[in-house]
Amino acid sequence: MIAQTLKLALVGSLVAVLAACGSAPTQATSPGGSGYLLTVQLEPADTQETVAQRYGGEVIAWLDGQAILRMTGEAVAQLQSRGVSMQGTTLEGDTRVRTPSTVNAVGWNAWSSGWNAWSSGWNAWSSGTGSITNFSTENNALWTQIGLSQAHSLASNLGQNVKVAVIDSGVDLNHPALASRLIDRYDFVDNDGIPQEVGMMGDRGFGHGTAVAGIVAQVAPSAMIMAYRVLGPDGSGSLSNVIAAINTAIGAGAQVINLSLGADSPSAALTAVLNSATSRKIYVVAAAGNANADGLDYPARQSKTLDLVGTSSYLVSVSSVDASDVKSGFANYGSSLDMTAPGERIATTAPGSRVASWSGTSMAAPLVSGSLALALGQGRGNLSSLKGTLTNNGISITLKNLPFFGKLGSSRLQVANFLNAAPW
């Protein structure tokens, strides 16, 4: 039985974890590794210690009625010889992969000299006394497109006390626009408490997490950011680290989890931890992917079908449009998509206290995460999900995208409309 299960896992369930932004594959070493994930059903008397001992793996997520273990190939092979029952378990691969060719950052050097002006505008804006144009003139057209200036008038708390988890490539912990906003943090790649970006400019994933965090912070300036590093500078990582980070974010009180990353196939373990998050009314915002494909990356593809009944109302899939509301050439689409947001040439934070412009569905997703933080900071949506209000009160882009009819979600993000309609 175990041999057959292992064979099926090897052939059909090897999961590719990838950032939704990046460039062509390189020879850089990935932080991912070979191994397996084992999802097991718990008995009432089980503890993390007894489950780890029974299966010979490392418990990386402890959920309601389930546990997820990271297993080595040797540990899996020993299960059969030890006669361990595999009934009620799911075994799948935890493999190393790299991101597909997508869109990377530009403008590091050109904009780094302008950081001082941007930084001074940040301080005024975050305290609520400045204007949005003080922050970054590079994004003025974007802010107008999504109605952010009006949204900040409607949400005067600016996301205060809302915790947004950025599960990504790490964050520049010393960046002046981010340092005071960072709270809970962990590096699941190096297993320490310092999720600093690793690598150098030109590496596919370097700066990705810093960019995502900066977009969340621009939309919701008073929100607190939880930084969890699961991807290396090549933009890849292991599914087990993503699962461990989501589990940690749940325990640390995240209200929004931003996943500007994805997998190319479904995973029972990932679905289990997502169900745990969304059943607790934690919003998970997932990027659709950048392959210009009919079909979304996982978990974005599950945004309307998450296994646990009702929890899909807290998983939001996001794809990208340009400044004219035309689907971005790189952006995935499909019938499971919830919505779009601008995702091209967004000015945001970059490692080394710099500014850079990024494009990708990875950048559209944190615009949505920040918008949810604004609503939560006002106490909106305490009784029910805000997903329907968010997706149904945007801007219709159907006529500009007829070739993708029915595959670009309900609307394009319009933050002021969303906040006006969001229930208390």
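1. In this predicted model, strands β2 (residues 36–41) and β4 (residues 66–71) run antiparallel and are joined by 6 bridges. One residue pair illustrates the arrangement: Gln41 has Gln66 of β4 as its bridge partner.

2. These two strands belong to an open sheet of 4 strands, ordered β3-β4-β2-β5, in which the pairing is antiparallel. The edges are taken by β3 (58–62) and β5 (89–93); each has a single partner strand, so one side of each is left without a neighbour in the sheet. From one strand to the next, the twist averages 25°.

3. A helix accompanies this sheet. Helix α3 (residues 73–82) packs on the sheet and touches β2, β4 and β5. The direction of α3 makes about 115° with that of β4.

4. As background for the student reader, the strands of a sheet pair through backbone hydrogen bonds, and the pairing may be parallel or antiparallel. The parallel case is found in an open sheet of 8 strands, in the order β7-β8-β6-β9-β11-β12-β13-β16. Here β7 (182–187) and β16 (411–412) stand at the edges with a single partner strand each, and therefore one side of each is left without a neighbour in the sheet.

5. Within the 8-stranded sheet, strand β6 (residues 163–168) pairs with strand β9 (residues 256–259) in the parallel sense, over 3 bridges. Val164 stands opposite Val256 in β9. Helix α8 (residues 208–219) packs on this sheet, where α8 touches β6, β8 (224–229) and β9. The directions of α8 and β6 make an angle of about 160°.

6. Which helix packs with α8 at an angle of about 35°? The partner is helix α11 (residues 361–377), and the two axes lie 8 Å apart. The crossing of α8 past α11 is right-handed. On the α8 side, the contact is made by His208, Ala211, Val212, Ile215, Val216 and Val219. On the α11 side, the contributors are Ser362, Met363, Pro366, Leu367, Ser369, Gly370, Ser371 and Leu374. Sorted by class, this contact has 9 nonpolar residues, 5 polar residues and no charged residues.

7. The remaining remarks concern the chain as a whole. The chain has 13 helices and 16 strands. Of its 424 residues, 59% count as buried. The chain exposes about 15,400 Å², of which carbon and sulfur atoms supply 50%.

8. A final point concerns contacts along the sequence. Among contacts in the chain with a separation of 6 or more, 78% are accounted for by residues 24 or more positions apart.

Terms used
Residues numbered from 1 in each chain as written. Predicted model: local features only at pLDDT ≥ 70, side-chain atom pairs only at ≥ 80, totals over all residues. Heavy atoms only, no water. Buried < 20%, exposed > 50% of the residue type's maximum accessible area, 1.4 Å probe, protein only. Contact = heavy atoms within 4.5 Å. Areas by Shrake-Rupley, 256 points an atom, 1.4 Å probe, with all protein chains shown as cover. Pairing = 2+ DSSP bridges. Axes fitted to C-alpha atoms, helices over the stretch in contact; angles between N-to-C directions. Left-handed = near helix turned anticlockwise from the far one by under 90°. Nonpolar A, V, L, I, M, F, W, Y, C, P; charged D, E, K, R; others polar.
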